[in-house]
Amino acid sequence: MSLDLSTLESWLWEAACVIRGPVDAPKFKDYILPLIFLKRLSDVFDDEIHHLAADFGSEGVALDLVERDHELVRFFIPPEARWPEITRRAAGLGEYLTDAVRAVARENSRLHSVINVTDFNATTSGQRILDDDRLATLVGVLSRQRLGLDDVEPDLLGRAYEYLLRKFAEGSGSSAGEFFTPPEVARLMARVLDPEPGQTVYDPCCGSGGLLIKAHQRLVDKYGVQKNGQKRLPSEIAPLRLFGQDIGPEKFAMTRMVAVIHDMEAEVVLSDTMRRPAFTAADGSLRRFDLVTANPMWNQKFEAKTYENDPYGRFSRGVPPASSADWGWVQHMVASLADTGRMAVVLDTGAVSRGSGNQGSNKERDIRRRFVEDDLIEAVFLLPENLFYNTTAPGIVLLVNRRKKHPGEILVVNGSRQFSKGRPKNYLEDTHVAALTEAYLEWKAVDGLSAIVTTAEAAKNDYNLSPSRYVSTGIETEVLPLDEAVVQLREAEEELEAANRELEKVLKALGVGR
């Protein structure tokens with residue numbers, strides 16, 4: 001793989017600088033990503049022609065066969081849309097590019113409304129948004145990297161999208177609570193879920209589709225065979241059936257794009273999961289899936305009415321505080337699990353500890369108590385700091401299993417030291433992912449890494465499930481992060497307001513209220 005993360009980001013930055021000025025920063029991705037997608041399709045097409053040529057004697061023969069039978073390749077790229085032809089254009093390039101992506105969509109029905117979403121010849125106030133000279137320079141920059149089968153990781157587009165959004169989306173109102181899942185964390189989640197052929201996998205806040213991709217790749221890694229230069233599932237192995245929902249139109253389009261690249265059987269819906277779940281059964285209840293994998297926005301704020309009188313009965317274990325929807329998302333996901341279903345979800349670290357040790361009632365602690373009493377929580381992984389793109393907070397991975405192999409036990413894994421230093425972000429190497437996964441798969445306590453906690457022990461600790469409470473790494477506990485402190489403050493303020501309302505009712509009943 002020649003295009004590592006550092007090279008990818010430098011390349012994207014150079015591409016963005018080309019169109020800086022005429023195009024607002026949050027819109028950079030609208031021009032850059034479709035062209036990267038087109039180049040990826042073109043380079044893969046060239047690779048497939050090359051592999052076919054090895055079987056049929058020459059590339060000329062292979063091209064002739066593919067022209068007559070498009071089914072020989074994943075996507076047929078018409079001659080005018082192939083990247084070498086695009087690089088030869090200068091005059092009228094905006095119109096040419098727009099016609100090229102439309103031609104690709106016509107030849108490949110799965111790419112309709114996926115690749116042909118940008119008008120490269122668009123104008124505003126009678127002037128071209130991006131003139132042909134800048135477009136030609138952009139094409140030149142993008143031509144410097146090859147994006148074929150052996151050149152890049154398959155989730156290139158997702159990572160490019162995340163970089164551009166992280167780098168430039170702040171000005172477009174992107175929420176600070178939305179943290180994209182690093183690929184190695186997604187691999188960890190896929191490995192512990194370990195999907196089997198034909199299973200259904202659901203992500204209710206799928207973003208750019210990274211977690212669904214990793215679940216698909218895990219199955220391909222286990223059962224795939226080399227074919228035409230790429231590892232693919234043989235016909236006798238049923239693929240995963242993937243389902244995603246997201247409220248963001250751009251992320252919805254990106255998920256469809258990456259699903260196309262990976263030949264994934266994915267149904268992706270654009271709508272608000274918490275208010276309007278898209279996947280329902282014939283009787284109107286929530287559809288239930290074998291596996292759920294997700295990284296919802298951390299500490300998202302929803303009004304209480306979001307949870308009250310829910311027609312799907314999702315929040316029977318308690319209404320979360322308005323300051324954090326973490327356990328609202330978890331309850332939606334559990335309601336979407338089949339009777340033997342399992343799920344892995346990334347959450348803020350405070351989701352497994354907030355409220356524990358407090359006197360009286362606490363909404364999040366009380367919901368955790370119900371989950372522990374119902375024996376649904378199987379494992380909690382504490383991740384290292386500074387992994388996620390737009391936060392230094394560590395995060396946790398929570399595993400829920402409706403049919404636990406070890407009833408009455410919870411595995412807690414303190415992975416806070418399992419990382420390598422990087423610039424600007426830390427990262428997990430394969431050895432780190434393997435160590436975390438092995439602790440779970442072998443269900444073992446490892447000094448300084450993991451411990452097995454009984455549900456009775458969790459109850460004695462007031463349902464605090466933070467791995468750092470049970471597993472010491474020999475490093476002192478760090479100061480509570482500011483964003484976590486803010487969430488706890490808001491929750492305390494909510495509890496104070498609720499207590500004041502109850503006090504007013506009592507005083508009024510006694511005739512001394514205001």
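N386 is buried, with a relative accessible area of 16%, and in this predicted model that residue is a useful place to begin. Its phi is near 60°, a positive value in a residue other than glycine, and N386 belongs to the loop that runs between β10 and β11 (396–401). A second residue invites comparison with N386, namely S125, whose phi is near 55° and is likewise positive in a residue other than glycine. S125 sits in the loop between β1 (123–124) and β2 (127–128), and there the residue is exposed, with a relative accessible area of 77%. The buried or exposed label follows from the cut-offs, because a residue counts as buried under 20% relative accessible area and as exposed over 50%; N386 has a value of 16%, whereas S125 has one of 77%.

The loop that holds N386 starts from β10, and from this strand the reader can move across to its neighbours. Strand β10 (residues 377–382) pairs with β12 in the parallel sense, over four bridges, and within this pairing F381 stands opposite V413 in β12. Strand β12 also pairs with strand β13 (residues 450–454), here in the antiparallel sense and over five bridges, with E409 standing opposite T454 in β13. Strand β12 thus takes part in a parallel pairing with β10 and in an antiparallel pairing with β13. How much of β12 is covered? This strand, which spans residues 409–414, is mostly covered, five of its six residues being buried.

Helix packing offers another view of the model. Helix α2 (residues 28–56) and helix α10 (residues 249–261) pack with their axes 12 Å apart and at an angle of about 10°. That angle makes α2 roughly parallel to α10, because angles under 35 degrees count as roughly parallel. On the α2 side the contact is made by K29, D30, L33, F37 and R40, and on the α10 side by E250, M254, M257, V260 and I261. Taken by character, the residues of this contact divide into six nonpolar and four charged, with no polar residue among them.

Charged side chains also appear in the salt bridges, for which the count comes to 27. In general, side chains of opposite charge can pair when their charged atoms come close. Among the salt bridges is the one that D348 forms with R354, where the closest N and O atoms are 2.9 Å apart. Are these two partners buried or exposed? At 3% relative accessibility D348 counts as buried, and R354 is buried too, with a relative accessible area of 1%.

Other salt bridges have partners with other degrees of exposure. The side chains of E85 and R89 meet in a salt bridge at 3.3 Å, N to O, and here E85 is partly exposed, with a relative accessible area of 22%, while R89 is partly exposed at 37%. The side chains of E303 and K305 likewise meet in a salt bridge, at 3.5 Å, N to O; E303 counts as partly exposed at 49% relative accessibility, whereas K305 is exposed, with a relative accessible area of 62%. The 49% of E303 and the 62% of K305 therefore receive separate labels, since exposed means over 50%. Finally, D194, E196, R218 and K222 are linked in a network of salt bridges.

Technical notes:
Residues are numbered from 1 along each chain as its sequence is written. This is a predicted model: local features need pLDDT of at least 70, side-chain atom pairs count only at pLDDT 80 or more; totals for chains, interfaces and linings use all residues. Side-chain values use heavy atoms; hydrogens and water are left out. Axes are lines fitted to C-alpha atoms, for helices over the stretch in contact, and angles run from 0 to 180 degrees between N-to-C directions. Helices (H or I, at least four residues) and strands (E, at least two) are DSSP runs, numbered from the N terminus. Angles under 35 degrees count as roughly parallel, over 145 as roughly antiparallel, 65 to 115 as roughly perpendicular and the rest as oblique. Contact means heavy atoms within 4.5 Å. Ala, Val, Leu, Ile, Met, Phe, Trp, Tyr, Cys and Pro count as nonpolar, Asp, Glu, Lys and Arg as charged, and the others, Gly among them, as polar. A salt bridge is a side-chain nitrogen of Lys or Arg within 4 Å of a carboxyl oxygen of Asp or Glu. Buried means under 20% relative accessible area, exposed over 50%, partly exposed in between (1.4 Å probe, protein chains only). Two strands pair if DSSP finds at least two bridges between them.
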